[in-house]
Amino acid sequence: MSGAPITRREAARRVAGAGAGLYAAGALPFLSGCSRSADRPNILLIFSDDHAPHAISAYGSRINRTPHIDRLADEGAIFLNSFCTNSICGPSRAVVLTGKHSHINGRLVNGGEPFDMSQWTFTKALQGTGYETAIIGKWHLGVQPEGFDHWEHLPGQGRYYNPDFRTPAGNVRYEGYVTDIIADLSIDWLREGRDPNRPFLLMSQHKAPHRNWMPGPAHLRTYEGEDIPEPETLFDTYENRASPAGQTEMTIAEHMFPAYDLKITPAAADNETDQRFWAAEWDRMNDEQRAAWEAAYGPRNEAFFAAGLEGRDLVRYYYQRYIKDYLRSVASVDDSVGHILDYLDESGLADNTLVIYCSDQGFYLGEHGWYDKRWMYEESLRMPFLVRWPAGIEPGTRVEHMIQNLDYAPTFLELAGVGAPPDVQGESLVGLMGGGHPADWRTSIYYHYYEFPQPHRVARHYGVRTERHKLVYYYATGEWELFDLEADPSEMRNLYGDPANSDTIAELKSELRRLRTLYADTTGEDFAD
Ligand code: CA
């Protein structure tokens, strides 16, 4: 970059101006001319797994505090309406890498063929502009990473205790807790692994808080003796919705493994699957880890077996066991964000490093009686997105515009000073980060979920969400759902059958048709107008 360094306020003003439509992609005024310069920001993407925004205090969580993640909102920007395109792990990661919907990048579901690594990804493009690129942690695309100068990733879902990592030199097993290890490896790479003369992209990707929600040693007793508030819809009966909601296998009441999911051990003698799943976790622990675990969980389990709970009391108890372990797993992620932010401060990297915290999708924390994700309902559709960049974002920025994981790739390319290829379907967020209000920003998002029937039996569906409404089509049964998100934020009343909404339905169907055409989605059965 030529000339004297600019102030944070000036940078933010210029970015905001750019966001108002004064620039073409890749031509930000303060970034132009520096596409090969070391002044381009470093990018640190801290990407966790299944961390719903409603378990982050900056998003108003009523069940936990996340002081370190909140720092990003206080010192940077929080995006209040951030959504995924397909609420499941591998597909979300493929959307992030390609900036394209699942039907274009080919990763529709978690299983099946590996991700097509030969296609364009933003990390390959960043490498081409001189960025050094690294991924450490969960990858989950079933193929060896390309487009990274450095990679160490968990095989598949990875393990919470003493995890294996795949590396170019072969498999390595580290002793310890996976979240701490991923943070330590990330800091080690920042400190000693990278070329200090080049800008970097580091994707630091946590396994936590994915199922089976095993807390680390530091948080085995966090929330002991507390009752976490229950969601209002814990005992949802799925009336007034289309039929798929009532046909899932993802309820806390009936579909969790007591030992593997809830850590109620020993597993029942007649539940061989639960025994096997839990044994695989337990067998990996060392003696010290097992002793600490048993000291925390042993007394809880004794009390549980003595209590003889039934019916709603049992569901309430399961909810407490589930949510506390989920939040304990989140607590370690939050701690690790604190450690990385501290390192950025100590090293002097903080000012020109853009730090993002996000997760691959949202999650049900007992809402509708569920755990897991997949649905276009709000809890699993929403993703956290918080970003700090002292050189370019004003502290305390709050962004209401609707964004998707589709948008990350073009954002990173613009930060690197280059435009995205024309077939990338997302839009750069750089203008929004600067507080801009682009007049032509999207006012609706498109969603399409595919993985059926297993696991969890969530019907395939696609839909459109606007600021006020959501229209969802379950094409296997031809059922529709319409929700008024203002009047019914918990989405308990399907308004589709009400003739009073016919104009709204017609508008939303037209918008859904436009989006399917815009994104060239010919998958799933089409609908009649
Ligand atoms: Ca996930």
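## Exercises on a predicted structure

Ala520 is partly exposed, with a relative accessible area of 46%. The model used in these exercises is predicted.

**Exercise 1. State where Ala520 lies, and describe its phi.**

Solution. Step 1: locate the residue. Ala520 belongs to the segment after helix H13, which spans residues 502-518.
Step 2: read the backbone angle. The phi of Ala520 is near 55°, a positive value in a residue other than glycine.
Step 3: set this against the general rule. Most residues other than glycine have a negative phi.
Step 4: check the accessibility class. Buried means under 20% and exposed means over 50%. At 46%, Ala520 is therefore partly exposed.

**Exercise 2. Locate Tyr238 and decide whether it is buried or exposed.**

Solution. Step 1: Tyr238 sits in the loop between E7 and H7.
Step 2: its phi is near 65°, again a positive value in a residue other than glycine.
Step 3: the relative accessibility of Tyr238 is 17%. The limit for buried is under 20%, so Tyr238 counts as buried.

**Exercise 3. Find the cis peptide bond that leads into Pro266 and the one that leads into Pro455, and place each proline in the chain.**

Solution. Step 1: the bond from Thr265 to Pro266 is cis, and its omega is near 5°. Pro266 lies in the loop between E7 and H7.
Step 2: Gln454 and Pro455 are also joined by a cis peptide bond, with omega about -10°. Pro455 is in the loop between strand E11 (444-449) and strand E12 (461-466).
Step 3: recall the general rule. Most peptide bonds are trans.

**Exercise 4. List the atoms that coordinate the calcium ion, and classify the site.**

Solution. Step 1: list the donors. The calcium ion is coordinated by Asp49 (OD), Asp50 (OD), Cys89 (SG), Asp360 (OD), Asp360 (OD) and Gln361 (OE1). The distances run from 2.2 to 2.6 Å.
Step 2: look at the angles. Among the 6 donor atoms they range from 53 to 158°.
Step 3: apply the cut-off. Six donors count as octahedral if opposite donors are over 155 degrees apart and all others are between 65 and 115. An angle of 53° fits neither condition, so the site is irregular.
Step 4: follow the donors along the chain. Their spacing is D-D-x38-C-x270-D-Q. Cys89 in helix H3 (residues 89-98) and Gln361, in the loop between strand E8 (353-359) and helix H10 (378-381), are 272 residues apart, and the pair links distant parts of the chain.
Step 5: check the accessibility of this pair. Cys89 is buried, at a relative accessible area of 0%. Gln361 is buried too, with a value of 0%.

**Exercise 5. State how many residues of H3 are buried, and name the elements that cover them.**

Solution. Step 1: 10 of the 10 residues of H3 are buried, and the helix is mostly covered. Among them are Cys89, Arg93 and Leu97.
Step 2: the cover includes strand E1 (42-48), helix H4 (102-105), helix H5 (122-128), strand E3 (132-138), strand E7 (200-205) and H11.
Step 3: look just past the helix. H3 is followed by Gly99, which has a positive phi near 70°.
Step 4: turn to H11, one of the covering elements. 8 of the 8 residues of H11 (residues 408-415) are buried, so this helix is largely enclosed by the rest of the structure. Gly417 follows H11, and its phi is positive, near 90°.

**Exercise 6. Explain on which side of H7 its buried residues lie.**

Solution. Step 1: in helix H7 (residues 272-282) the buried residues are Asp274, Trp278 and Glu281.
Step 2: they cover an arc of only 50° around the axis, which puts them on the same side of H7.
Step 3: use the geometry of the helix. An α-helix has 3.6 residues a turn, so residues three or four places apart point the same way.
Step 4: name the partner. The buried residues of H7 pack against helix H8 (287-307).

**Exercise 7. Describe the largest cavity and the largest pocket.**

Solution. Step 1: the whole structure has 1 cavity of 30 Å³ or more. The largest cavity has a volume of about 50 Å³.
Step 2: E1, H3 and E7 each supply at least two residues of the cavity lining. H3 gives the most, with 3 residues.
Step 3: the largest pocket holds about 720 Å³ of space. Its lining has 25 residues, and His54, Glu367, Glu379, Pro489 and Ser490 lie nearest its centre.
Step 4: strand E2 (77-83) and H10 are the elements that give two or more residues to the pocket lining.

Conventions. Residues are numbered from 1 along each chain as its sequence is written. This is a predicted model: local features need pLDDT of at least 70, side-chain atom pairs count only at pLDDT 80 or more; totals for chains, interfaces and linings use all residues. Side-chain values use heavy atoms; hydrogens and water are left out. Donors are N, O and S atoms within 2.8 Å of the metal (3.2 Å for Na, K and Ca); water is not among the atoms, so sites may look incomplete. Four donors count as tetrahedral if all angles lie between 85 and 135 degrees; four count as square planar and six as octahedral if opposite donors are over 155 degrees apart and all others between 65 and 115; anything else is irregular. Helices (H or I, at least four residues) and strands (E, at least two) are DSSP runs, numbered from the N terminus. Buried means under 20% relative accessible area, exposed over 50%, partly exposed in between (1.4 Å probe, protein chains only). The arc is that of the directions from the helix axis to the C-beta atoms. Contact means heavy atoms within 4.5 Å. On a 1 Å grid over the protein atoms alone, a cavity is a set of points where a 1.4 Å probe fits but cannot get out, and a pocket is an open set with protein on both sides within 12 Å along at least five of seven lines; lining residues have an atom within 4 Å of a point. Grid points are joined across faces, edges and corners, and a volume is the space filled by probe spheres set on the points.
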